[in-house]
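Here's a quick tour for anyone meeting this structure for the very first time. Take a look at the picture, then read on.

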Amino acid sequence: MTALSIAPLDATASHTAAAPGNQQQFIASPVLPAGCPPPPVPFDFATFAVSDPANVSISNAQDQTHGTATCKGATAGPATITATATVGAAAVTGFARLTCN
């Protein structure tokens, strides 16, 4: 695995809406060499972080909420969602964007 892919790459949610309108689920998956079958991915496969924690929170719980970002306020521009996984001694990352309006 050389990187992570996050879906969706670009999303928008409303901080004034009730859940789930104020939320977006992000899913991280491994980028594998051609021909390699994807392994089963557990909930804690990647750790998520967000560049604007004042306006966006993201779950790292080991359940169905893992990767769910919640808008708490409007972002000035897209917040960066980062997923990181450790493979051996190396860390691999993937990025996506979330705009909260």
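Which residue in strand 9 is the bridge partner of A11? It's L98. Keep in mind that you're looking at a predicted model, with nine strands and zero helices in the chain.

**The big picture**

- Walk along the sequence and you get the pattern β-β-β-β-β-β-β-β-β.
- The chain has a radius of gyration of 14 Å, close to the 13 Å from the globule rule for 101 residues, so it's as compact as a globular protein of that length.
- If you boxed up the C-alpha atoms along the principal axes, you'd need roughly 45 × 25 × 25 Å.
- Of the 101 residues, 35% are buried.
- The accessible surface adds up to about 5,400 Å², and carbon and sulfur atoms account for 59% of that.
- Look at the contacts with a separation of 6 or more: 53% of them link residues 24 or more positions apart.

**Strand 2 and its partner**

- Strand 2 covers residues 10–13, and its side chains alternate between two faces.
- A11 and A13 point to one face and are buried, while D10 and T12 point to the other and are not.
- Strand 2 pairs with strand 9 (residues 90–100) in the parallel sense, over four bridges. The A11 and L98 pair from the opening question belongs to these two strands.

**The three-stranded sheet**

- Three strands form an open sheet in the order 3-7-6, and the pairing is antiparallel.
- Strand 3 (23–25) and strand 6 (56–58) are the edges; each has a single partner strand, so one side of each is left without a neighbour in the sheet.
- On average, neighbouring strands of this sheet are turned by 20° against each other, direction ignored.
- Strand 3 and strand 7 (residues 68–71) pair over three bridges in the antiparallel sense, and Q25 sits opposite T68 in strand 7.
- T70 also lies in strand 7. With a relative accessibility of 19%, T70 counts as buried, because the cut-off for buried is under 20%.
- Leaving out residues up to four places away in sequence, T70 touches N22, Q23, N55, V56 and S57.

**The nonpolar core**

- In general, nonpolar side chains tend to be buried together in soluble globular proteins.
- The largest nonpolar core here has 21 residues, and the ones that touch the most other members are F26, F48, V56, I81, A83 and L98.
- Strand 1 (3–7), strand 2, strand 5 (47–50), strand 6, strand 7, strand 8 and strand 9 each chip in at least two residues of this core.
- A83 has plenty to show: setting aside residues up to four places away in sequence, A83 touches L4, I6, A28, A46, T47, F48, V92, T93 and G94.

**Two buried spots worth finding**

- A79 is in strand 8 (residues 79–87). Is A79 buried or exposed? At 2% relative accessibility, A79 counts as buried.
- Not counting residues up to four places away in sequence, A79 touches V50, S51, D52, V56, A96, R97 and L98.
- A79 and A49 are 30 residues apart along the chain, and their C-alpha atoms are separated by 10 Å.
- G67 is in the loop between strand 6 and strand 7, and it's buried, with a relative accessible area of 0%.
- Which residues is G67 in contact with, leaving aside neighbours within four places in sequence? They are Q24, Q25, F26, F48, I58 and S59.
- G67 and I6 are 61 residues apart along the chain, yet the separation of their C-alpha atoms is 9.8 Å.

**Cis peptide bonds**

- A cis peptide bond joins A7 and P8, with omega at about -5°. P8 is in the loop between strand 1 and strand 2.
- A cis peptide bond also joins A19 and P20, where omega is about 10°. You'll find P20 in the loop between strand 2 and strand 3.

Terms used:
Residues are numbered from 1 along each chain as its sequence is written. This is a predicted model: local features need pLDDT of at least 70, side-chain atom pairs count only at pLDDT 80 or more; totals for chains, interfaces and linings use all residues. Side-chain values use heavy atoms; hydrogens and water are left out. Two strands pair if DSSP finds at least two bridges between them. Axes are lines fitted to C-alpha atoms, for helices over the stretch in contact, and angles run from 0 to 180 degrees between N-to-C directions. The radius of gyration is taken over C-alpha atoms; the globule rule is 2.2 Å times the number of residues to the power 0.38. Buried means under 20% relative accessible area, exposed over 50%, partly exposed in between (1.4 Å probe, protein chains only). Contact means heavy atoms within 4.5 Å. Accessible areas come from the Shrake-Rupley method with a 1.4 Å probe; for residues, only the protein chains shown count as cover. A nonpolar core is a set of buried Ala, Val, Leu, Ile, Met, Phe, Trp, Tyr and Cys residues joined through side-chain atoms within 4.5 Å.
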